[in-house]
Amino acid sequence: MRTKFKAWTIPYLEEHQEYSLTDEELSSLDDFYLEIGSGKGDFIIQMSEKFPDRLFLGVEKNVTCAGITLKKIVEKEPQNVKFLFKDGAEVVRFIKDHSINKIYLNFSDPWPKKRHSKRRLTSVNFLEEYKRILKPNGNLVFKTDDIDLFTFSLEMFAEAGFKVISSTYDYDGSDNDDAITEYQIKAVNKGVSIKRVVLGL
Ligand SMILES: C[S@@+](CC[C@H](N)C(=O)[O-])C[C@H]1O[C@@H](n2cnc3c(N)ncnc32)[C@H](O)[C@@H]1O
């Protein structure tokens, strides 16, 4: 479901740069946790509260979602969150090699048409970048309600050489290193099972 455009988010994102990073700052960032496609920010905010010693970077390319997330961040004033209103592809290329502990992909857009498959956040171009920026003992954590995207992604992970640490087609939300998201709540309410995989290098 498309998020209804909210015009206030455009000036809001311009006015609140305090949680943003320049490309230079991004390229010197180390030892952090990344979420691409943060939506309305519930995951990153809950995780920053649960793990105050971790630095989280959220990335979202939709202006309305990004504005909503940033407003939540500005109101809560977490000390351990950075946020970029950008396309994930534009962000990852500036990230230093082996600087990330975990990359979280939550309910990524499925892009069901084959001609759009390169836009999937689990497509080969992204996976090669994730391998470069993850620490050797880092993890990629992917959850979705979309069985076709999950099947495609498992194939891509295997091809790219990721190792499955745990995988389930019926995730109950019980991993402590996790937080519930807006799309997860929607899926649960519809009775759709959550698929989740944790990967290492
Ligand atoms: C289906 S929503 C899920 C939102 C949230 N993670 C959740 O679980 O509720 C996917 C989000 O990822 C964002 N997104 C998709 N591709 C992206 C990309 N390349 N870079 C940044 N954000 C992206 C979309 O704009 C959208 O807000």
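Analyst: In this predicted model, a helix is a DSSP run of H or I covering at least four residues, and helices are numbered from the N terminus. In that numbering, H8 contributes the most to the shell around the ligand, with three residues.

User: Which elements each supply at least two residues of the shell around the ligand?

Analyst: They are strand S2 (56-60), helix H5 (88-92) and helix H8 (182-190). Of the 21 residues around the ligand, those that come nearest are Gly37, Gly39, Gly88, Phe107 and Thr181.

User: How do the residues of the shell divide into nonpolar, polar and charged?

Analyst: Seven are nonpolar, nine are polar and five are charged. Gly counts as polar in this division.

User: Why is Phe107 classed as buried or exposed?

Analyst: The threshold for burial is 20 or more other C-beta atoms within 10 Å. Phe107 has 21 of them, and therefore counts as buried. Phe107 is located in the loop between S4 and helix H6 (124-133).

User: What makes the phi of Phe107 notable, given that Phe107 is not a glycine?

Analyst: Its value is positive, at about 55 degrees. Most residues other than glycine have a negative phi. Trp111, which is likewise not a glycine, also has a positive phi, near 40 degrees.

User: On what grounds is Trp111 assigned its exposure class?

Analyst: The intermediate class lies between 12 or fewer and 20 or more other C-beta atoms within 10 Å. Trp111 has 16, so it is partly exposed. Trp111 also belongs to the loop between S4 and H6.

User: Why does Ala187 count as buried, partly exposed or exposed?

Analyst: Burial would require 20 or more neighbours. Ala187 has 19 C-beta neighbours inside 10 Å and is therefore partly exposed. Ala187 lies in helix H8.

User: With which residues is Ala187 in contact, leaving aside its neighbours within four places in sequence?

Analyst: The partners are Asp145, Val192 and Ile194. Asp145 stands 42 residues from Ala187 along the chain, and the two C-alpha atoms are separated by 6.5 Å.

User: How do you know which strands pair with S7?

Analyst: Pairing requires at least two bridges found by DSSP. Five bridges join strand S5 (residues 134-144) to S7, in antiparallel orientation. Five bridges also join strand S6 (residues 163-168) to S7, again antiparallel. The criterion is therefore met by S5 and by S6. Among the paired positions, Thr144 stands opposite Lys195, and Thr168 has Arg196 as its bridge partner. Strand S7 (residues 195-200) is mostly covered, five of its six residues being buried.

User: Which residues touch the most other members of the largest nonpolar core?

Analyst: Of its 42 residues, these are Ile100, Ile103, Tyr130 and Leu140. Helix H4 (residues 63-76) gives the most to this core, with five residues. Beyond its neighbours within four places in sequence, Tyr130 is in contact with Ile103 and Leu140.

User: What covers the buried residues of H3?

Analyst: The covering elements include strand S1 (32-36), S2, H4, strand S3 (81-85), strand S4 (100-106) and H8. The buried residues of helix H3 (residues 42-50) are Asp42, Phe43, Ile44, Ile45, Met47 and Ser48.

User: Why does the radius of gyration of the protein chain agree with a compact globule?

Analyst: For 201 residues, a compact globule would have a value near 17 Å; the protein chain has 16 Å, so the two agree. Along its principal axes, the C-alpha trace spans about 40 × 40 × 35 Å. Of the 201 residues, 38% count as buried.

Notes:
Residues are numbered from 1 along each chain as its sequence is written. This is a predicted model: local features need pLDDT of at least 70, side-chain atom pairs count only at pLDDT 80 or more; totals for chains, interfaces and linings use all residues. A residue is near a molecule or strand if its C-beta atom, placed from the backbone, lies within 6 Å of it. The radius of gyration is taken over C-alpha atoms; the globule rule is 2.2 Å times the number of residues to the power 0.38. A nonpolar core is a set of buried Ala, Val, Leu, Ile, Met, Phe, Trp, Tyr and Cys residues joined through C-beta atoms within 7 Å. Two residues are in contact if their C-beta atoms, placed from the backbone, lie within 7 Å.
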